[in-house]
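Me: I would like to learn how to read the features of a model with care, beginning with a bound ligand and moving outward. Could you give me the general idea each time, and then the case at hand?

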Amino acid sequence: MFPCYSGIEAIFFHTMKFLIILVVIGLLGPTPFTFGTDRSEDRPTILKFVTMKPDQAKAWEEAIGRFERAYPSIQIEREIAPASSTAYHDLLTQKLKNRDPSMDLFLMDVIWPAEFAAAGWALPIDKQFPPSEQAKFLPGPIQAGIYQGHIYGMPSRIDSGMLYYRIDLLEKYGFTPPQTWGELVVQAKTIVEGEKDSQPGLRGYSGQFKQYEGLVCNMLEFVGSHNGTLTSEDGNRSTLASPQSIQAVTFVREQMINQLATPAVLTYQEPESLAVFVQGKAVFHRNWPYAWGIVDDPRYSKVVGNVGVGPLPHFSKGRKVSALGGWLYGISTFSPHPEEAWKFIQFMTSADIQKYFAVKGSLAPSRIALYRDREVLETNPQYESFLPVFQTATPRPRTPAYPIISNILQRYFSRVLAFPDTDILKEAQIADQQINRYLALVHPNPS
Ligand code: GLC
């Protein structure tokens, strides 16, 4: 039996059939129907951006506000993790392991892209960020974003270790900025001794020696500036037990931790170590470029106008070494909004926004051309001489196994620095063995 319809019923029936077909194909995937509907006009796309606690909170708010004004159909929701790279890594990787679709994009420390790429957590951005564009950026952060021929991160800023010093105190005692660690020790001791009645709390040095990622950066600089390395050149072998490395670690334990610095330095990350310096309680301070914005700001600093900044010293037979740091934007593989995420990344890494961050917060641009920008150089005169340091900064091992390797490095350095009776060579040999075991498990060549 076939139903028989009147004229009105037939129109109703065919219209319903048409609507049902549209609903079904709409459910099956993108069609001209779903594409043609600009839902964004009614409901903006919310992009969840996970990031560590920023050094320059106001500047971030302003930059994100500018993006939202330029792209009214996209809103950014930020989830702010702790300031420590190590703690932030734990939070971020937890979400990625859970394939959390509510997170669209994130900032990656320069040491993570290999891990994120190997795990399938970050989307490759080769098409959006081709080599012709990459060439406009400093080479270190670009290299950091590449894993097995694909690029996974777009650099926001570069970091590299710098020495901040008290010009007023150095001048008072007839010193020029130290070139070697030995000179730094002599100068610091002379100044602290000379100032002991008027400034009894003054210390010679403050840096980052807590057990976390920053410790690896500080120690890489001491070991590297004594011609040592963390791993062999091919990246396949840990080299902590080399004589150069052992001597550098011994120097830090004997001269820095228990002489020039307060023992509390073993609990310092960047903010605590910087606080000591801006309160006028340390002659020398190791930190990243952002510290300039704080050191030079009377709201936070008692030493405005009395601070100089230059490359870190080296050992007398060694060479200058600065750890390569910095942050890259990455898109989560599990994001439902990769295209919108890319728009945000493009905006945030543009020359305008990088310039804004450099002028407002002394975040060192990853775009090379900004090192010729008048306003950037006026606020950060040190950048002129720092460009070569940024171009040659020393990376930490680039491998998907980096987090576990860093964990072993952190425990090794922290233990031997905190406990003066530990046998540095023995501990270094144990750490070498453990690291080698993990290095053997992963692909030898991340390029
Ligand atoms: C800075 C660097 C980062 C490094 C961290 C260590 O944020 O940019 O690369 O891992 O400091 O504390």
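Me: Which element gives the most to the shell around the ligand?

Reply: Elements here are DSSP runs numbered from the N terminus, with helices being H or I runs of at least four residues and strands being E runs of at least two. On that reading β11 gives the most, with three residues. This is a predicted model, in which local features need pLDDT of at least 70 and side-chain atom pairs count only at pLDDT 80 or more, while totals for chains, interfaces and linings use all residues. Residues are numbered from 1 along each chain as its sequence is written, and side-chain values use heavy atoms, with hydrogens and water left out.

Me: Which residues come nearest to the ligand, and how do the residues of the shell divide by character?

Reply: A residue is near a molecule or strand if one of its heavy atoms lies within 4 Å of it. There are 13 residues around the ligand, and D109, D159, E270, G326 and R396 come nearest. For character, Ala, Val, Leu, Ile, Met, Phe, Trp, Tyr, Cys and Pro count as nonpolar, Asp, Glu, Lys and Arg as charged, and the others, Gly among them, as polar. The shell then divides into five charged, four polar and four nonpolar residues.

Me: Which polar side-chain atoms lie close to oxygen atoms of the ligand, as W288 does?

Reply: A polar contact is a pair of N or O atoms within 3.5 Å; within protein, one must be able to donate a hydrogen and the other to accept it, and residues adjacent in sequence count only if both atoms are side-chain atoms. In the side chain of D109, an N or O atom is 2.6 Å from a ligand oxygen, and for W327 the corresponding distance to an oxygen atom of the ligand is 3.0 Å. W288 places a polar side-chain atom 3.1 Å from an oxygen atom of the ligand.

Me: How much of the ligand does the protein bury?

Reply: Accessible areas come from the Shrake-Rupley method with a 1.4 Å probe, and for residues only the protein chains shown count as cover. Taken alone, the ligand exposes 310 Å², and the protein buries 94% of that. The elements that give two or more residues to its shell are α10 (213-224) and β11 (324-331).

Me: Why does the ligand lie between domain 1 and domain 2?

Reply: Domain bounds come from an automatic or database domain assignment. The ligand lies between the two because domain 1 (31-160 + 326-394) and domain 2 (162-323) both give residues to the shell around it.

Me: Which residues of helix α12 are buried, and what do they pack against?

Reply: Buried means under 20% relative accessible area, exposed over 50%, and partly exposed in between, with a 1.4 Å probe and protein chains only. In α12 (residues 270-278), the buried residues are E270, S273, L274, V276, F277 and V278. An α-helix has 3.6 residues a turn, so residues three or four places apart point the same way. Contact means heavy atoms within 4.5 Å, and the buried residues of α12 pack against β7 (162-166), β8 (203-206), α10, β9 (282-287), α13 (291-295) and β10 (307-310). Just after α12, G280 takes a positive phi of about 80°.

Me: Where is S362 found, and is it buried or exposed?

Reply: A backbone angle can be read together with its place in the chain and its accessibility. S362 is found in the loop between α15 and α16, has a positive phi of about 55° although it is not a glycine, and is buried, with a relative accessible area of 3%. Q148 also deserves a look, with a positive phi of about 45° although it is not a glycine; Q148 lies in the loop between β4 (146-147) and β5 (150-151) and, at 37% relative accessibility, counts as partly exposed.

Me: What does S366 touch?

Reply: Contacts are listed here without residues up to four places away in sequence. S366 is found in the loop between α15 and α16 and is buried, with a relative accessible area of 0%. S366 touches K136, F137, L138, P155, S156, R157, I158 and Q354. L370 lies in the loop between α15 (351-361) and α16 (374-379), and with 7% relative accessibility L370 counts as buried.

Me: How many helices and strands are there in the protein chain?

Reply: The protein chain has 19 helices and 11 strands, and buried residues make up 53% of its 447 residues.
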